[in-house]
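Work through the exercises below with the sequence and the model side by side. Each task is followed by a stepwise solution.

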Amino acid sequence: MNYTTQDFDFDLPEEQIAQTPLKDRTSSRLLVVNETEHSVEDKHFSEIIDYLEEGDILVVNNTRVLPARLYGEKEGTGAHIEVLLLHNTHGDCWETLVKPAKRMKVGTVVSFGDGRLKATVTEELEQGGRIIEFQYDGVFLEILESLGEMPLPPYIKERLDDQERYQTVYAKENGSAAAPTAGLHFTKELMEKIQQKGIQIVPITLHVGLGTFRPVSVDHLEDHKMHSEYYHISKETAEVIAETKKNGKRVIAVGTTSIRTLETVGSANQGEIVPSSGWTDIFISPGYEFKVVDAFITNFHLPKSTLVMLVSAYLGRDFTLEAYHHAIRERYRFFSFGDAMFVYR
């Protein structure tokens with residue numbers, strides 16, 4: 001069936017968009033969705049362990065969010081400029097989104113933190129994008145940690161007091177412009193309990209881009225072009241996944257970013273996972289056959305987003321919207337700091 005973007009729309013009361021994280025990460029709610037039985041159950045995230053079996057593996061995205069939002073002044077005029085880092089292209093050059101873009105022509109210099117960090121526009125891209133080259137003394141990431149802010153999604157209006165609450169407890173590899181939010185529900189204690197039950201937790205890396213938050217702007221899904229994101233799967237992780245599949249156990253992805261990474265590599269290798277790095281622009285929507293992922297944990301996503309379409313590829317569009325309407329009726333919290341789903345067959 002040829003779906004349109006409108007087919008993935010739903011009404012969400014604004015008060016159900018979570019503005020702040022819960023005090024205890026594991027106290028969020030968990031909607032357990034079984035595709036085979038066409039059933040939903042209302043649980044709490046700490047109960048996820050009851051749905052995991054010995055020999056299963058959890059694949060987590062260990063990317064770490066950069067404090068990627070910078071506020072500076074344009075040299076010569078003092079105009080206020082906002083710069084959002086998307087990804088490092090090479091050396092000290094970054095692809096960014098800038099506001100106001102009309103003030104940022106090639107050759108423009110912006111100063112941050114009383115000149116501790118400077119940036120020159122080297123190339124203009126579409127939709128407010130710019131390639132900029134930084135100039136500084138010292139270690140770039142240390143300067144960014146002191147001057148930058150966490151780039152919370154546009155639907156979060158509240159200030160985040162503890163920046164670490166927008167990082168997973170296993171975040172390690174710097175490079176994301178947004179958090180892989182399904183992982184925000186885990187604590188180190190819960191992960192230890194899961195491992196004690198005989199479930200391995202293995203890392204992959206996908207650096208999340210801001211395209212994650214961009215709504216689909218075309219009417220027909222086949223016309224949508226996904227943003228590219230960098231991923232890496234190590235030899236050790238590839239071997240564990242291969243062994244799990246051989247033993248007939250489940251590969252459970254934590255988050256849509258883990259799904260996209262695993263399915264990118266699986267699609268290129270007849271369902272096998274091999275050590276690899278590269279860029280993915282995979283768009284998973286209804287009609288897609290999953291090659292690696294058996295089940296997954298994910299948050300509740302924006303209407304008409306590619307992430308709702310991804311969930312629909314697994315559950316079917318109608319059952320996905322049924323589950324979402326149940327979550328709305330039951331007052332689940334939505335989006336980055338919201339509640340989670342466990343989806344399986």
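Ala, Val, Leu, Ile, Met, Phe, Trp, Tyr, Cys and Pro count as nonpolar, Asp, Glu, Lys and Arg as charged, and the others, Gly among them, as polar. The model is predicted.

**Exercise 1. Sort the lining of the second largest cavity by residue class.**

Step 1. Place the cavity in context. The structure holds three cavities of 30 Å³ or more. The second largest has a volume of about 100 Å³.

Step 2. List the lining. It is formed by P21, L22, D24, R25, S28, R165, L184, H185, R333, S336, F337 and G338.

Step 3. Sort. The lining divides into four nonpolar, four polar and four charged residues.

Step 4. Follow one lining residue, S336. Its C-alpha atom is 7.9 Å from that of P153, although 183 residues separate the two along the chain. P153 sits in the loop between α1 (140–147) and β11 (173–176). At a relative accessible area of 1%, P153 is buried, since the cut-off is under 20%.

**Exercise 2. Where does the second largest pocket lie with respect to domain 1 and domain 2?**

Step 1. Set the bounds. Domain 1 covers 5–65 + 162–344, and domain 2 covers 69–149. Their centres, taken over C-alpha atoms, are 31 Å apart. Six residues from domain 1 and seven residues from domain 2 make the contact.

Step 2. Describe the pocket. It holds about 560 Å³ of space. Its lining has 23 residues, with R69, E82, L84, L152 and P154 nearest the centre. β5 (69–74), β6 (80–90) and β7 (93–99) are the elements that give two or more residues to this lining. The largest share, three residues, comes from β7.

Step 3. Classify the lining. There are 12 nonpolar, three polar and eight charged residues.

Step 4. Conclude. Both domains give residues to the lining, so the pocket lies between them.

**Exercise 3. Which residues touch the most other members of the largest nonpolar core?**

Step 1. Take the core as a whole. It has 90 residues, and L58, F186, L262, I297, F334 and F342 touch the most other members. Helix α5 (residues 306–315) gives the largest share, seven residues.

Step 2. Look at F342. Leaving out residues up to four places away in sequence, F342 touches L30, L31, V32, V33, I48, Y51, R250, I252, A295, F296 and I297.

Step 3. Note the other core. It lies apart from the largest one and has 23 residues, including L66, L70, L85 and L144.

**Exercise 4. Which residues does K74 contact beyond its neighbours within four places in sequence?**

Step 1. Locate K74. It is in strand β5.

Step 2. List the partners. They are A79, I81, R103, T108, V109 and V110.

Step 3. Check one pair. K74 and T108 are 34 residues apart in sequence, yet 7.3 Å apart C-alpha to C-alpha.

**Exercise 5. Examine the backbone at P100, Q127 and K304.**

Step 1. Recall the background. Most residues other than glycine have a negative phi, and most peptide bonds are trans.

Step 2. Take P100. The peptide bond from K99 to P100 is cis, with omega near -10°. P100 lies in the loop between β7 and β8 (109–112).

Step 3. Take Q127. Its phi is positive, near 55°. Q127 belongs to the loop between β9 (117–124) and β10 (129–136). With 62% relative accessible area, Q127 is exposed.

Step 4. Take K304. Its phi is also positive, near 60°. K304 is in the loop between β16 (295–299) and α5. K304 is partly exposed, at 28% relative accessibility.

Definitions and conventions. Residues numbered from 1 in each chain as written. Predicted model: local features only at pLDDT ≥ 70, side-chain atom pairs only at ≥ 80, totals over all residues. Heavy atoms only, no water. 1 Å grid on protein atoms, 1.4 Å probe; cavity = no way out; pocket = protein on both sides within 12 Å on 5 of 7 lines; lining within 4 Å. Points joined across faces, edges and corners; volume = space filled by probe spheres on them. Helix = DSSP H or I, 4+ residues; strand = E, 2+ residues; numbered from the N terminus. Domains from an automatic or database assignment. Core = buried A, V, L, I, M, F, W, Y, C linked by side-chain atoms within 4.5 Å. Buried < 20%, exposed > 50% of the residue type's maximum accessible area, 1.4 Å probe, protein only. Contact = heavy atoms within 4.5 Å.
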